[in-house]
Amino acid sequence: MVNEPVRVLLVDDDEDDYVITRDLLATVTSPRCALEWRATYDQGLATILENRHDVYLLDYALGAHDGIELIRVASQNNVTGPVLLLTAHDDSEVDALAAAAGATDYLVKSHMTAPLLGRAIRYALARHETSEALRRGAREKTVMLQEIHHRVKNNLQMISSLINFQMEHVKNPETRAILRVTQTRVHSIALIHEKLYQSPLLASVDMGEYTRGLVAMLMQTHDKHVRAEVRAVDIVLPVDLGLPCGLILSELVSNALKHAFPARAADEPRPPAIVIDLRQEKNGFVLSVADNGVGLCLPPGAKDTKSLGLRLVGMFAEQLGGSVVFSTDEGTRCTVAFPAASTD
């Protein structure tokens with residue numbers, strides 16, 4: 001209710017200081033305060049964890065403990081009220097430690113007056129209310145973005161199912177192959193949105209996890225006994241880089257699975273393998289997909305090939321502001337280098 005007093009908890013082992021604080025608060029009319037006192041660290045901690053006060057006044061010196069420890073415990077246990085640290089002497093180091101622990105303000109006891117204490121409590125409550133509003137807004141935004149990514153993923157999966165249904169009614173093998181490739185591309189995009197939905201950041205993709213999931217899906221689709229090695233440890237990309245990068249991966253890995261490994265002789269000395277490497281370098285990122293297959297008759301550039309998949313690689317690399325290089329060395333390697341931020 002509007003007329004209810006602000007519930008204030010004081011944790012201070014000096015009864016005289018309690019009396020002074022009580023008398024000061026008795027003269028504060030805005031806001032009107034109801035004070036509760038605890039004289040020891042343990043008593044104060046137990047009461048703080050009840051999380052039923054609006055403001056906490058914590059003495060810095062509490063025997064073997066201190067108020068900063070209480071501030072940390074309050075923060076760790078999601079205590080919602082703002083915290084003011086009270087000290088006997090002005091000390092900038094203690095002030096900094098209190099702020100780092102999560103204190104809203106820092107007051108020197110010898111300087112405290114009723115107007116000053118009243119202003120400090122009003123400021124703490126206003127700042128806390130603003131912070132809570134921002135947190136609520138952030139939580140609502142997070143839920144909304146999760147729902148968007150979830151719905152996009154579900155819609156893409158529905159499109160994939162429709163493509164699958166269409167394939168069942170198509171007799172022409174070439175048409176079926178085109179539909180299957182289209183379905184793979186849809187899967188690649190859906191997987192990005194699934195990872196975004198699962199990510200706590202909602203705007204970044206764990207590319208190592210994404211690539212392992214993508215390669216596993218492609219292996220199942222192409223039914224090839226190929227060893228795939230993913231080297232993308234701790235690589236997280238924002239969605240504007242992750243999506244085209246994921247589509248490039250899909251095209252290159254699919255191309256290797258389709259063309260690099262025709263039927264091999266039983267005595268083939270090299271087991272078929274694909275190595276996917278994504279690393280960060282000084283000027284950006286480098287993505288490469290290499291296989292030890294039969295090799296390609298390489299075009300001068302991704303734009304010059306008749307292969308739609310490789311042309312798409314060139315288009316997505318352009319979208320990333322990057323470059324594409326093909327090379328042959330006991331197989332085929334495609335390397336895409338792009339800056340850390342996409343260019344328009």
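In this predicted model, cysteine 33 has a relative accessibility of 17% and therefore counts as buried, since the limit for that class is under 20%. Cysteine 245 is likewise classed as buried, in this case at a relative accessibility of 0%. A search for disulfides across the whole structure returned zero. A disulfide is a covalent bond joining the sulfur atoms of two cysteines.

Cysteine 245 also takes part in the packing of two helices, being among the residues of α8 that contact α7. Two packed helices are described by the angle between their axes and by the distance separating those axes. For helix α7, which spans residues 207–222, and helix α8, the angle is about 35 degrees and the axes lie 10 Å apart. The crossing of α7 and α8 is right-handed. On the α7 side, the contact is made by Met207, Tyr210, Thr211, Leu214, Leu218, Met219 and His222. The contribution of α8 comprises Gly242, Cys245, Gly246, Leu249, Ser250, Val253, Ser254, Leu257 and Lys258.

Helix α8 is further connected through a salt bridge between arginine 185 and glutamate 251, in which the closest N and O atoms are 2.5 Å apart. This pair links distant parts of the chain, since arginine 185 belongs to helix α6 (residues 173–198) and glutamate 251 to helix α8 (residues 239–259), with their positions 66 residues apart in sequence. Both arginine 185 and glutamate 251 are buried.

Over the whole structure, the search identified 13 salt bridges. One of them joins the side chains of arginine 7 and aspartate 54, with an N to O distance of 2.9 Å. Here too the pair links distant parts of the chain: arginine 7 is in strand β1 (residues 6–11), whereas aspartate 54 is in the loop between α2 (41–48) and β3 (55–59), and the two are 47 residues apart. Arginine 7 has a relative accessible area of 41% and is partly exposed. Aspartate 54 is also partly exposed, its relative accessible area being 23%. Another salt bridge brings together the side chains of arginine 279 and glutamate 281, at 2.9 Å from N to O. In this pair, arginine 279 is partly exposed, with a relative accessible area of 32%, and glutamate 281 is partly exposed, with a value of 38%.

Salt bridges also form a network, which links Asp12, Asp17, Asp59 and Lys109. Within this network, aspartate 12 is located in the loop between β1 and α1. Its relative accessibility is 0%, and aspartate 12 therefore counts as buried, the class being defined as under 20%. The contacts of aspartate 12, leaving aside residues up to four places away in sequence, are with Asp17, Trp37, Arg38, Ala39, Asp59, Leu62 and Lys109. Of these residues, arginine 38 is 26 residues from aspartate 12 in sequence, while their C-alpha atoms are 6.5 Å apart in space.

Aromatic pairs were also sought throughout the structure, and two were found. In one of them, the ring centres of tyrosine 18 and tryptophan 37 are 4.4 Å apart and the ring planes meet at 5 degrees, so the pair is classed as stacked. Because tyrosine 18 is in helix α1 (residues 15–26) and tryptophan 37 is in strand β2 (residues 33–38), the pair ties together parts of the chain 19 residues apart in sequence. Tyrosine 18 counts as buried at 17% relative accessibility, whereas tryptophan 37 counts as partly exposed at 24%. The other pair consists of phenylalanine 285 and phenylalanine 338, whose ring centres are 5.6 Å apart and whose planes lie at 25 degrees, so this pair is likewise stacked. Phenylalanine 285 is found in strand β12 (residues 284–291) and phenylalanine 338 in strand β14 (residues 332–338), so the pair ties together parts that are 53 residues apart in sequence. Both phenylalanine 285 and phenylalanine 338 are buried.

Helix α1, which carries tyrosine 18, also contains threonine 21. Threonine 21 is buried, with a relative accessible area of 2%. When residues up to four places away in sequence are not counted, threonine 21 touches Leu10, Leu35, Leu57, Met112 and Leu117.

Notes. Residues numbered from 1 in each chain as written. Predicted model: local features only at pLDDT ≥ 70, side-chain atom pairs only at ≥ 80, totals over all residues. Heavy atoms only, no water. Salt bridge = Lys/Arg side-chain N within 4 Å of Asp/Glu carboxyl O. Helix = DSSP H or I, 4+ residues; strand = E, 2+ residues; numbered from the N terminus. Buried < 20%, exposed > 50% of the residue type's maximum accessible area, 1.4 Å probe, protein only. Phe/Tyr/Trp six-rings, centres within 6.5 Å; stacked < 30°, edge-to-face > 60°. Disulfide = S-S within 2.5 Å. Axes fitted to C-alpha atoms, helices over the stretch in contact; angles between N-to-C directions. Left-handed = near helix turned anticlockwise from the far one by under 90°. Contact = heavy atoms within 4.5 Å.
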